[in-house]
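Work through the exercises below with the sequence and the 3D view open. Try each task before reading its solution.

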Amino acid sequence: MSTSETPLVRVLDETGKVAPTPAAEQYLPLIEAIPDDELAQFYRDMVGIRAIDTQATNLQRQGQLALWPPSRGQEAAQVGSGRAARAQDTIFPSYREHAVTRIRGVDPVDIIKLMRGVSHGGWDPTDPKNGNTRLYTLVLGSQVLHAAGYAMGLTFDGRTGTGDPERDEAVVVYYGDGASSQGDVHEAMVFAASYQAPTLFFLQNNHWAISVPVTTQSRVPLVQRSAGYGIPSVRVDGNDVLASYAVSRVALDEARGGGGPRAIEAVTYRLGAHTTSDDPTKYRGDDEELAWAGRDPIVRMRAFLENRGAEESFFAEVDAEAADAAEDLRARTVQLGPPRADLMFDHVYSEPHPLIEEQKAWRARYEASFEGEGQ
């Protein structure tokens with residue numbers, strides 16, 4: 001099946017007008033029921049995280065971070081799916097889901113700590129304030145296995161498919177088009193399908209696995225990979241936040257309700273570099289970037305809201321809030337000090353361990369032996 005023959009769920013066209021594709025028709029009642037304040041929140045989320053993302057990129061360029069993976073251009077895919085998840089759901093990100101983690105309650109500075117090298121994980125995934133959000137994973141595809149295993153545990157423990165939507169749980173796992181070629185992803189789909197584990201595989205197809213185009217990675221649309229395992233799979237316009245939200249909402253409701261795993265391919269584009277150590281000008285042309293810049297998810301959503309009567313004061317307020325969030329990120333980043341030296345011993349074991357205590361004591365004695373030298 002060619003890309004042109006694969007159904008695509010899109011509600012908003014590139015100009016922000018409501019122009020649903022045939023595949024989107026079934027989702028329209030859900031979208032039409034979204035309250036105005038939630039629509040405004042979608043836009044607020046996207047603008048806010050882009051400002052934070054831009055600031056973090058600048059901080060890396062100024063030597064404050066070792067690395068930063070930009071998410072510019074992928075805001076709609078992340079915000080739509082992130083807002084579709086329920087509070088009891090568990091999120092397994094890769095390393096670019098800045099919008100999702102912020103929606104779930106993770107402080108963006110905790111991501112900064114990880115990229116700055118002053119934290120071994122960034123945040124505590126067991127702390128309720130972080131919204132059941134697991135840690136970033138830089139090993140491609142490994143989080144997909146973790147997610148499928150966790151979802152299998154939900155099934156074994158009777159925490160899904162009970163018929164109580166306020167209690168039933170599901171898992172959302174994010175990965176990219178490059179990771180979709182990893183064996184881990186396919187093994188995870190085998191187990192999730194076999195055990196009907198409530199897993200939403202959310203693939204962000206941003207067209208480039210660093211310098212390798214998606215056309216080299218697969219001869220067919222990536223949505224067919226998950227469908228090949230018997231997992232109901234949907235292809236969605238990842239630059240349309242309304243479509244991303246609706247498709248994710250339905251998929252998660254089905255997974256929680258005992259329907260087994262679901263998969264979404266969100267077709268989007270990485271407008272920036274893969275990470276700040278990457279130079280995309282070496283492998284893609286200006287024409288491609290300009291074409292996708294014309295499909296900017298934030299510009300599209302703004303036009304939609306303007307057509308609905310949103311006033312200029314709203315957009316000015318959102319821009320001001322985003323600027324404040326970015327400046328707050330900068331201020332707190334430059335104030336970060338070095339980590340405690342004994343931090344390396346924390347969380348090696350879940351409980352106190354005599355070997356770790358012995359090593360910690362040895363380090364303390366060793367450093368104390370240098371005290372007073374040269375005086």
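The exercises that follow deal with a predicted model.

**Exercise 1. The sheet**

Task: State the order of the strands in the open sheet of five strands, and find which strands lie at the edges.

Solution.
- Step 1. Reading across the open sheet, the order is β1-β2-β3-β7-β6, and the pairing is parallel.
- Step 2. An edge strand pairs on one side only; here the edge strands are β1 (90–92) and β6 (233–237).
- Step 3. On average, and with direction ignored, neighbouring strands of this sheet are turned by 20° against each other.
- Step 4. Helix α3 (residues 75–84) packs on the sheet, where it touches β2, β3 (199–205) and β7 (262–267). The direction of α3 makes about 165° with that of β3.

**Exercise 2. Strand β2 and its partners**

Task: Find how many bridges join β2 to β1 and how many join β2 to β3, then name residues that stand opposite each other.

Solution.
- Step 1. Recall how pairing works in general: strands of a sheet pair through backbone hydrogen bonds, either parallel or antiparallel.
- Step 2. Strand β2 covers residues 171–176, and three bridges join β1 to β2, the two running parallel.
- Step 3. On this side, Thr90 has Val171 of β2 as its bridge partner, and Ile91 stands opposite Val172 in β2.
- Step 4. Towards β3 there are six bridges from β2, again with parallel strands. Here Val171 stands opposite Thr199 in β3.
- Step 5. Val171 therefore has a place in both pairings: Thr90 is its bridge partner, and Thr199 of β3 is opposite.
- Step 6. As for cover, five of the six residues of β2 are buried.

**Exercise 3. Two residues in helices**

Task: Decide whether Gln60 is buried or exposed, decide the same for Ser226, and list their contacts beyond nearby sequence positions.

Solution.
- Step 1. Gln60 is found in helix α2 (residues 36–61).
- Step 2. Buried means under 20% relative accessible area. Gln60 has a relative accessible area of 14%, so Gln60 is buried.
- Step 3. With neighbours within four places in sequence left aside, the contacts of Gln60 are Leu65, Ala66, Leu67, Trp68 and Thr276.
- Step 4. For a sense of distance, take Ala179: Gln60 and Ala179 are 119 residues apart in sequence, and their C-alpha atoms are 25 Å apart in space.
- Step 5. Ser226 belongs to helix α9 (residues 223–227). Its relative accessible area is 5%, so Ser226 is buried.
- Step 6. Not counting residues up to four places away in sequence, Ser226 touches Met189, Ile231, Ser233 and Ala263.

**Exercise 4. Salt bridges**

Task: Find which residue forms a salt bridge with Arg50, and which residues form salt bridges with Arg302.

Solution.
- Step 1. Side chains of opposite charge can pair when their charged atoms come close. The whole structure holds 28 salt bridges.
- Step 2. Arg50 forms a salt bridge with Glu75, with 2.9 Å between the closest N and O atoms. This pair links distant parts of the chain, since Arg50 is in helix α2 and Glu75 in helix α3, 25 residues apart. Both Arg50 and Glu75 are buried.
- Step 3. Arg302 meets Glu306 in a salt bridge of 3.1 Å, N to O. Both residues lie in helix α12 (residues 297–307), four residues apart, which is about one turn of the helix.
- Step 4. Arg302 is partly exposed because its relative accessibility is 21%. Glu306, at 38%, is also partly exposed.
- Step 5. Arg302 also forms a salt bridge with Glu312, the closest N and O atoms being 3.1 Å apart. This pair links distant parts of the chain: Glu312 is in helix α13 (residues 312–334) and Arg302 in helix α12, 10 residues apart.
- Step 6. Glu312 has a relative accessible area of 51%, so Glu312 is exposed.
- Step 7. Elsewhere, Asp89, Arg249, Asp253 and Arg256 are joined into one network by salt bridges that share partners.

**Exercise 5. A surface patch**

Task: Name the residues of the nonpolar surface patch, and place Val190 in its helix.

Solution.
- Step 1. Phe156, Val190, Phe191, Tyr195 and Tyr229 make a nonpolar surface patch of about 490 Å².
- Step 2. Val190 lies in helix α7 (residues 183–194).
- Step 3. Val190 counts as partly exposed because its relative accessibility is 38%.

Terms used
Residues are numbered from 1 along each chain as its sequence is written. This is a predicted model: local features need pLDDT of at least 70, side-chain atom pairs count only at pLDDT 80 or more; totals for chains, interfaces and linings use all residues. Side-chain values use heavy atoms; hydrogens and water are left out. Patches are made of residues with over 30% relative accessible area and no salt bridge: like charges are joined within 9 Å, nonpolar side chains (Val, Leu, Ile, Met, Phe, Trp, Tyr) within 5 Å. Accessible areas come from the Shrake-Rupley method with a 1.4 Å probe; for residues, only the protein chains shown count as cover. A salt bridge is a side-chain nitrogen of Lys or Arg within 4 Å of a carboxyl oxygen of Asp or Glu. Buried means under 20% relative accessible area, exposed over 50%, partly exposed in between (1.4 Å probe, protein chains only). Two strands pair if DSSP finds at least two bridges between them. Axes are lines fitted to C-alpha atoms, for helices over the stretch in contact, and angles run from 0 to 180 degrees between N-to-C directions. Contact means heavy atoms within 4.5 Å.
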